[in-house]
Amino acid sequence: MEIYLDNSATTRQHDEVTEKMSEIMKECYGNPSSLHRMGLDAEKVVKEARKNLASSIGASPEEIFFTSCGTESDNTALFGSLKKNKRKIITTRVEHPAILEPCKRLEEMGYEVSYLDVDRDCNISLDQLKSFLTEDTALISVMAVNNEVGKIFPLKEIAKIRDQVDKSILLHTDAVQALGKMDLKVSGVDLMSASAHKIHGPKGMGMLYVRQGVNIKPYILGGGQEKHFRSGTENVPAIAGFGLAAKMAEPVDPSLKEYLKKGLLDGLDDILINSPLDSISSILNVSFLGTRGEVILHSLEQEGIYVSTGSACSSNKAAKGSHVLEAMGLSFKEIEGAIRFSFSNYNTLEEMDYVLDKTINAVKRFRKLGAFR
Ligand code: PLP
């Protein structure tokens, strides 16, 4: 049996998406910039995908720009928003490295970055946000959903505070874990990043929503594709795959997470549920105290179950402890025993019974050894 519960790292591509992409690769290989019929056919494919993505977030097609991945979209939003007299970014301590690493670089370049703290439930403080907002703030960047614990952040409230202080401050959200998985609308947000491979689309495909009227600098310069905002010949098959995946996307059935959570709480002592109550249905993060997440991960792997210890979508894998759980105030032992289960609608409740059985056994076996007690 193979049970894939690492859907926040990436998802299985829908067969329909693969078929569509394969058809386009074979039949529609023109360059959308070409003036002849084959170019126009490719352009039509891109146009349809843009429409699908726009409608999935309540935007208009002119506001959608295709990129190579969520990481590129995040980098574009950060680097493109800064100006001579607007040198400050406000973000959170629990962002993905696609935000935190460019922030580090910007600090090295002399820009200022303020990091919002989180509490044990991964809440930010809106008062702290207010206190960080200054005249030279260019951008607030707060993720829509955290990739490790699934916390849903209050973008509407953040936008309200920004509006009260200074409407010209841009609000960006990294919605890589949110697109297609919850009701996600762009109202109040100026910039939004998303990625295709988290919603059963192709890897290496992303988008950045840029609200009409918002003027940020392009990050990649060249031949002027995407209205001069993102140069480089369009990846037409992947764009088509992204468009279809967005159209097909549905929130993950919440009963999977609830069933697994209840089963783990009933079957084991000394566990911590790290995903707060207001977390997305696709992510459940649990600390099994007195164990090591990495060892549990490999025991489960031997049973055909694939999970993650923290954030496997950054390449340092389990080498470092989770900066998210650390920011939430968990102790080293609590972080060490953490496992992230992440679901898709390809998972079933029957699978959860098997996962429960194998996880409870693996944890009990580990604890019996007493190695880390
Ligand atoms: N932001 C978040 C919240 C993520 O979970 C990921 C996952 O990889 C990324 C950004 C990066 O997206 P991509 O893999 O498309 O570069």
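The following exchange concerns the ligand shell and one helix pair in a predicted model.

Biologist: What makes the pair formed by Thr71 and the ligand a polar contact?

Modeller: A polar side-chain atom of Thr71 lies 2.6 Å from an oxygen atom of the ligand. The cut-off for a pair of N or O atoms is 3.5 Å, so the pair qualifies.

Biologist: How do you know that Ser195 and Lys198 also make polar contacts with the ligand?

Modeller: An N or O atom in the Ser195 side chain is 2.6 Å from a ligand oxygen, and for the side chain of Lys198 the corresponding distance is 2.9 Å. Both values are within 3.5 Å, and both pairs therefore count. The protein buries 94% of the 390 Å² that the ligand exposes when taken alone.

Biologist: Which residues surround the ligand, and which helix gives the largest share of the shell?

Modeller: The shell has 14 residues, the closest being Thr71, Asp174, Gln177, Ser195 and Lys198. Helix α3 (residues 70-81) provides the largest share, three residues. By class, the shell holds four nonpolar, seven polar and three charged residues.

Biologist: Why is the crossing of α3 and α4 called right-handed?

Modeller: The axes of α3 and α4 (residues 97-108) come within 9 Å and cross at roughly 35 degrees. That angle is less than a right angle, and the crossing is right-handed because the near helix is turned clockwise from the far one. On the α3 side the contact includes Thr71, Asp74 and Leu78, and on the α4 side Ile99, Pro102 and Arg105 are among the residues involved. The contact residues divide into seven nonpolar, two polar and two charged.

Definitions and conventions:
Residues are numbered from 1 along each chain as its sequence is written. This is a predicted model: local features need pLDDT of at least 70, side-chain atom pairs count only at pLDDT 80 or more; totals for chains, interfaces and linings use all residues. Side-chain values use heavy atoms; hydrogens and water are left out. A residue is near a molecule or strand if one of its heavy atoms lies within 4 Å of it. A polar contact is a pair of N or O atoms within 3.5 Å; within protein, one must be able to donate a hydrogen and the other to accept it, and residues adjacent in sequence count only if both atoms are side-chain atoms. Accessible areas come from the Shrake-Rupley method with a 1.4 Å probe; for residues, only the protein chains shown count as cover. Helices (H or I, at least four residues) and strands (E, at least two) are DSSP runs, numbered from the N terminus. Ala, Val, Leu, Ile, Met, Phe, Trp, Tyr, Cys and Pro count as nonpolar, Asp, Glu, Lys and Arg as charged, and the others, Gly among them, as polar. Axes are lines fitted to C-alpha atoms, for helices over the stretch in contact, and angles run from 0 to 180 degrees between N-to-C directions. Contact means heavy atoms within 4.5 Å.
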